[in-house]
Structures are given as C-alpha cells and as structure tokens.
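Visitor: I work at the bench and would like a close look at one part of this model. Could you start from a single residue and build the picture outward from there?

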Amino acid sequence: MEYRCVQCGFRIKTLFVQYSPGNIRLMKCVNCKAVADEYIECELMIVLIDLILHKPKAYRHVLFNVLNHERTHFQGLLWKSLVGFLVLDAYRSLLVKRPEEEWGTSMSISSFFWIYRKMLMDVFLGNYMFLCSFLFAIRSLLKTSAQFSRFRDLLLAILISSYFKILLTAMMVWEFPPAVIYIIDLFVLSSNTVALKVITKSTMNRCIGACFIAHAIKFCITQAFA
C-alpha cells in the first residue's frame, strides 16, 4: 500500500523530506497541488477530533499513511485489532444483557454459565456473520481481480474505524441509559461507512448500503439468540 494524498487520495511516493532531525519539508501532491498530508505536523488530538468529525482526509491519514504495510507489522496489527474488537463487543453484549438478567449473589452457577454462553454466541457468531455479510456486500464495489490483500485492507479498515466502541468503557465508571449503547452503534456504522468510502473510492450510497446490510444482519443474529 502506497502513501496517499489526504486531500484527493492520489498515490504519492513520499510525504516529506527530512533535512535534519526536526527539520522536514512536507511534499505536495502532484494531482491537487495541496500539501499531501498536513497531519504529519499535527498533534494526535487534532487527528482524533477530525476522526470523530468523520473527515475523510483524517481517515486517509490513518489508513494509508500511518498504517502503511512497509512501516507496520500488518499481520500482527490485524490480529490485535480483531481481538480488541471482539473484547469490546463482548462487553457491549454484557451491557445489553445486564438489565435483562438479575445479577447478584443469588444467581445460580447454571444461570451464570447460561448468560455467558449467550454472550459468546452473540460475539463469535454475530461477528462472523457480520464480517462475512460485509465482505459479501462490498464485493460489488471491488473489481473481480481484487487480491486477498485487498480484503485484508478492508477488514483492518472496518476494525480500526470501529473505535467508537471504546466509549463503552465509560459505562464501567458512570451509569448511562441502555439507549447510549445503540447510539454508539450508530456512530460505529457511520465511521465504518466513511472508512469504506475512503478505501474503495465508491459512492456514499453504496457504502452506506454495504455497512447497513452487515450491521443489520449482525443485529438480527444477536436478537435471534437473545
């Protein structure tokens, strides 16, 4: 994966030239003539704010210029992202089921294992169907000659763009109404849509459709085993 201009997505060989430690010159894109990636000189908080605001150029910076194959251990990053995604989703499932079940010292061992069995079914079966339906839905957005590495890029983009799930950890400290969980799900859906549009350069409507289908199937599967 080559570097990309965050403004137009055009491929670029290098983002900056370093003359000495701390003395760099940002390169301009030959296509749009703008600075290829101004986020290089920005604080991390600026990047996070632009990601929350769903700015495509922030997603291009992260997905193409930060998570570059030549600079990161892509396979290890993919597995770590997948594990983090599943752990956060398990916690989400636990939060959804907690109001429905009676948690206390009176809970029997059989009830305890029944709850966690349902949670594991939600996490593994739900996400398996989510990823399969997602890859199937976006198949029409890709060329038939797309290589397997292309699908790995898409998978990593979806996992990374699900960062809104981290907000669930706030419910460990503060008590929120259950509706907050579904609001976070909507933010995850919208973030996945932007990431998919950045990776595939497809239309927004098709990206929304692909992400909505995958999330809807996952929701139906988890509700069926509730």
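Where is the place of F212?

Guide: Happy to take you there, with one caution before we begin: this is a predicted model. F212 has its place in helix α7, which spans residues 204-224. With a relative accessible area of 52%, F212 is exposed; the cut-off for that word is over 50%. From F212 you can look across to N192: the two are 20 residues apart along the chain, and their C-alpha atoms are separated by 9.6 Å.

Let us step back to see where helix α7 sits in the whole. The protein chain has seven helices and four strands. Reading along the sequence, you meet the pattern β-β-β-β-α-α-α-α-α-α-α. Of the 226 residues in the protein chain, 39% are buried.

Just ahead of our helix there is a backbone detail to look at. K201 lies in the loop between α6 and α7, and its phi is positive, about 60°, although K201 is not a glycine. Most residues other than glycine have a negative phi. K201 counts as exposed because its relative accessibility is 56%. Another such case is K33, where phi is near 65°, again a positive value in a residue other than glycine. K33 is found in the loop between β4 (23-26) and α1, and at 58% relative accessibility K33 counts as exposed.

Now back to helix α7 and its charged partners. Side chains of opposite charge can pair when their charged atoms come close. The structure holds five salt bridges. In one of them, the side chains of D89 and K218 meet at 3.1 Å, N to O. D89 is in helix α3 and K218 in helix α7, so this pair links distant parts of the chain, 129 residues apart. K218 counts as buried because its relative accessibility is 12%, and D89, at 4%, counts as buried too; the limit for that word is under 20%.

D89 has a second partner. K165 forms a salt bridge with D89, and the closest N and O atoms are 2.8 Å apart. This pair also links distant parts of the chain, 76 residues apart, with K165 in the loop between α5 (148-160) and α6 and D89 in helix α3. Both K165 and D89 are buried. Put the pieces together and you have a network of salt bridges that links D89, K165 and K218.

Helix α3 takes part in another pairing, this time with helix α6. D185 forms a salt bridge with R92, the closest N and O atoms being 2.7 Å apart. Because D185 lies in helix α6 and R92 in helix α3, the pair ties together parts that are 93 residues apart in sequence. R92 counts as buried, with a relative accessibility of 16%.

R92 and D185 also bring us to the largest pocket. About 400 Å³ of space lies in the largest pocket. Its lining holds 19 residues, and those nearest its centre are R92, D185, H215, A216 and F219. The elements that give two or more residues to this lining are α3 (74-97), α6 (179-200) and α7 (204-224). By class, the lining has ten nonpolar, four polar and five charged residues. So if you wish to trace the pocket on screen, R92 and D185 are among the residues nearest its centre as well as partners in a salt bridge.

For another contact of helix α3, turn to V123 and L86. The two are 37 residues apart in sequence, yet 6.6 Å apart in space, C-alpha to C-alpha. V123 has its place in helix α4, residues 109-137, and at 3% relative accessibility V123 counts as buried.

A last stop takes us to the surface again, as with F212. L44, M45, I46, L48, I49 and L53 make a nonpolar surface patch of about 580 Å². One of them, L53, lies in the loop between α1 (44-52) and α2 (56-66). At 55% relative accessibility, L53 counts as exposed.

To gather the view from where you started: F212 is exposed and sits in helix α7. That helix also holds K218, the partner of D89 in helix α3, and gives two or more residues to the lining of the largest pocket.

Methods:
Residues numbered from 1 in each chain as written. Predicted model: local features only at pLDDT ≥ 70, side-chain atom pairs only at ≥ 80, totals over all residues. Heavy atoms only, no water. 1 Å grid on protein atoms, 1.4 Å probe; cavity = no way out; pocket = protein on both sides within 12 Å on 5 of 7 lines; lining within 4 Å. Points joined across faces, edges and corners; volume = space filled by probe spheres on them. Nonpolar A, V, L, I, M, F, W, Y, C, P; charged D, E, K, R; others polar. Patch = residues over 30% accessible without salt bridge, like charges linked within 9 Å, V, L, I, M, F, W, Y side chains within 5 Å. Areas by Shrake-Rupley, 256 points an atom, 1.4 Å probe, with all protein chains shown as cover. Salt bridge = Lys/Arg side-chain N within 4 Å of Asp/Glu carboxyl O. Buried < 20%, exposed > 50% of the residue type's maximum accessible area, 1.4 Å probe, protein only.
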